2 protein chains.
Amino acid sequence: MLFNNPQGFSRGLHHFHHRTAPLPAQEHTPVTLSPGDVMARSTAQRVSTVLRDRIEGGVLPPGTQLSEEALGQDLGVSRNTLREAFRLLVHDNLVEHQLNRGVFVRSPGPADVADIYRLRAALELAGVRAADEAPRALREAVTTAVAEAEWAADDGDWPAVATADLRFHRALAALSGSPRIDATMDRLLAELRLAFHAMPSPRGFHQPFLIRNRTIERFLADGRTDRAEAELTAYLDDARQLIVDTMLENRP
Amino acid sequence: MLFNNPQGFSRGLHHFHHRTAPLPAQEHTPVTLSPGDVMARSTAQRVSTVLRDRIEGGVLPPGTQLSEEALGQDLGVSRNTLREAFRLLVHDNLVEHQLNRGVFVRSPGPADVADIYRLRAALELAGVRAADEAPRALREAVTTAVAEAEWAADDGDWPAVATADLRFHRALAALSGSPRIDATMDRLLAELRLAFHAMPSPRGFHQPFLIRNRTIERFLADGRTDRAEAELTAYLDDARQLIVDTMLENRP
DNA sequence: GGCTAAGATGTTGTTCAACAATCCTCAAGG
DNA sequence: CCTTGAGGATTGTTGAACAACATCTTAGCC
């Protein structure tokens, strides 16, 4: 009975928040926004959010089977609704569906990580190349993300560093101003976070890359997009190689 | 009662055929491949294939509402199964799901086309840039696609030209050797085909671009990737602009 | 007339129960 | 050791039912 009170969903900030600044607090929105409420979400979508949190939080580690009966009873929803939620997670590549066997939390391997970085490179480089003509808000988002990562590093808050690092790279891809690129990038990064779960402590893993993020940001701010491009390419290659090697060491 | 005979599905060749050459006709496959049959597909997947065909074939034009009751009766499947099929189409951006209102065949507008071309550019340029290190089979696929397009043009078979043109650009993106890029590209091109439905006769629309495809292919074969990159960028910009303008003219 | 409010209607959202189809386990048999 | 077959467990699919919502129609009122 987890979903009987409609207010019980405080978690948010997942996919699809492509704004760069907080909204002006709903100026002229009518009080009764019942018909066509854009924010309204079905039960299946809320269930998928809960499962996303559990997966990314490590409660449901990679390889876990998501039993329809057990989970449905746990979350207080029917099997059919749970199935619809599963489809949404399949769309994000967080779980995989095997016919007649069920859905399992994906456990991305080195090949997956390498592939994710290939697509990341394509999207982020496209963003960097479009930086000159990008609106100011998008460029400022890049700078902000770097700064936030550095602040978090000063505090020794490594999870926050990881989050800010990913936000930085998402901001790079977002320079293209393309909703589809944003959505694709979001799904990629969520999958990448899942891959990190199969690795030992990412404690300080991001630290050596912080300075390189700043370097890229500086090149961009100075309009030297070609240098930024080269730096970013090297960055992604190094990160990919480091992760892949680490995964191969710990999972022979 | 469309699904009572399991053989009734002759349609194929849709998404996810990432081979470049026909398979060697199953050499050592055991006769009984029942357990874990990779080709096995659920009812929902088959239904989604049928709907995909009807959408791309124009039987279900953009804007059409896909009623659960009517379609379920027509196809001989239950509402729940049909809903699962809908989710798959939503994933491909061929239909959109509005809460409490149902699913509708998407009708991509000029903004969508422009966005699709942004993502296309990112993926295809990444492929071109990786052409030097790409395996030969992938590079040959590019050449083959251009040739097929030219043959079809000689025969005046414009639908075939359109198909070959899209295959050429998919082959470009596939040079990266990334399954995720391939899948993304497939979804993009399916959506683009849908956008074409809202346009007047694409008769000879692809013709002026045929020579440019050949130009790109030649640059690639000669290892002049930078020239290929420039040509491809110009190509995509021109095509996007032409389509967007045409859409704006015919739909004020 | 034109506007608002209250039904009337049809559709989707969700649940429940049942059955068919498939996979997995494990023990019996060659 | 390998194969074969129950048996049990899980998923795939169906049908019906009810709640929730959107839309259309009608009635009422200024």
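**Close-up views of the DNA strands and helix contacts**

In this predicted model, 76% of the atoms of DNA strand D within 4 Å of the protein belong to sugar or phosphate, and the rest belong to bases.

**View 1. Residues around DNA strand D.** DNA strand D is surrounded by 26 residues, and the closest of them are R83(A), H97(A), T43(B), T81(B) and R101(B). By class, the surface near DNA strand D comprises five nonpolar, 15 polar and six charged residues. At least two residues of this surface come from each of β1 (65-66) and α3 of chain A, and from each of α1 (43-56) and α3 of chain B.

**View 2. Polar contacts to DNA strand D.** A polar backbone atom of T43(B) lies 2.4 Å from a phosphate oxygen of DNA strand D. A phosphate oxygen of the strand is also 2.9 Å from an N or O atom in the side chain of H97(A). On the base side, an N or O atom in the side chain of N80(B) is 3.0 Å from a base oxygen of DNA strand D.

**View 3. Residues around DNA strand C.** The surroundings of DNA strand C consist of 25 residues, of which T43(A), N80(A), T81(A), R101(A) and R83(B) come nearest. Four nonpolar, 15 polar and six charged residues form the surface near this strand. Sugar or phosphate accounts for 74% of the atoms of DNA strand C within 4 Å of the protein, with the rest in bases.

**View 4. Polar contacts to DNA strand C.** A polar backbone atom of T43(A) is 2.4 Å from a phosphate oxygen of DNA strand C. The side chain of N80(A) places a polar atom 2.8 Å from a base nitrogen of the strand. For N100(A), an N or O atom of the side chain is 3.3 Å from a sugar or linking oxygen of DNA strand C. Two or more residues of the surface near this strand are given by α3 (79-91) of chain A, and likewise by β1 (65-66) and α3 (79-91) of chain B.

**View 5. Packing of α1(A) on α2(A).** Helix α1 (residues 43-56) of chain A packs with α2(A) at an angle of about 105°, the axes being 12 Å apart. The two helices are therefore roughly perpendicular. V47(A), V50(A), L51(A) and R54(A) of α1(A) make the contact with L71(A), D74(A) and L75(A) of α2(A). Five of the residues in this contact are nonpolar and two are charged, with no polar residue.

**View 6. Packing of α2(A) on α3(A).** The axes of helix α2 (residues 68-75) of chain A and α3(A) cross at roughly 100° and come within 9 Å, so α2(A) is roughly perpendicular to α3(A). From α2(A), the contact residues are E68(A), L71(A), G72(A) and L75(A), and from α3(A) they are R79(A), L82(A), R83(A) and F86(A). They divide into four nonpolar, one polar and three charged. L71(A) and L75(A) of α2(A) also take part in the contact with α1(A).

**View 7. Crossing of α5(A) and α8(A).** Helix α5 (residues 136-154) of chain A and helix α8 (residues 207-221) of chain A have axes that come within 10 Å and cross at roughly 155°. The pair is therefore roughly antiparallel, and the crossing is left-handed. In α5(A), V142(A), T143(A), V146(A), A147(A), A149(A), E150(A) and A153(A) meet L210(A), N213(A), R214(A) and E217(A) in α8(A). Six nonpolar, two polar and three charged residues make up this contact.

Note on methods: Residues are numbered from 1 along each chain as its sequence is written. Chains are lettered from A and ligands numbered from 1 in the order in which they are written. This is a predicted model: local features need pLDDT of at least 70, side-chain atom pairs count only at pLDDT 80 or more; totals for chains, interfaces and linings use all residues. Side-chain values use heavy atoms; hydrogens and water are left out. Axes are lines fitted to C-alpha atoms, for helices over the stretch in contact, and angles run from 0 to 180 degrees between N-to-C directions. Helices (H or I, at least four residues) and strands (E, at least two) are DSSP runs, numbered from the N terminus. Angles under 35 degrees count as roughly parallel, over 145 as roughly antiparallel, 65 to 115 as roughly perpendicular and the rest as oblique. A crossing is left-handed if the near helix is turned anticlockwise from the far one by less than a right angle, and right-handed if clockwise. Contact means heavy atoms within 4.5 Å. Ala, Val, Leu, Ile, Met, Phe, Trp, Tyr, Cys and Pro count as nonpolar, Asp, Glu, Lys and Arg as charged, and the others, Gly among them, as polar. A residue is near a molecule or strand if one of its heavy atoms lies within 4 Å of it. A polar contact is a pair of N or O atoms within 3.5 Å; within protein, one must be able to donate a hydrogen and the other to accept it, and residues adjacent in sequence count only if both atoms are side-chain atoms.
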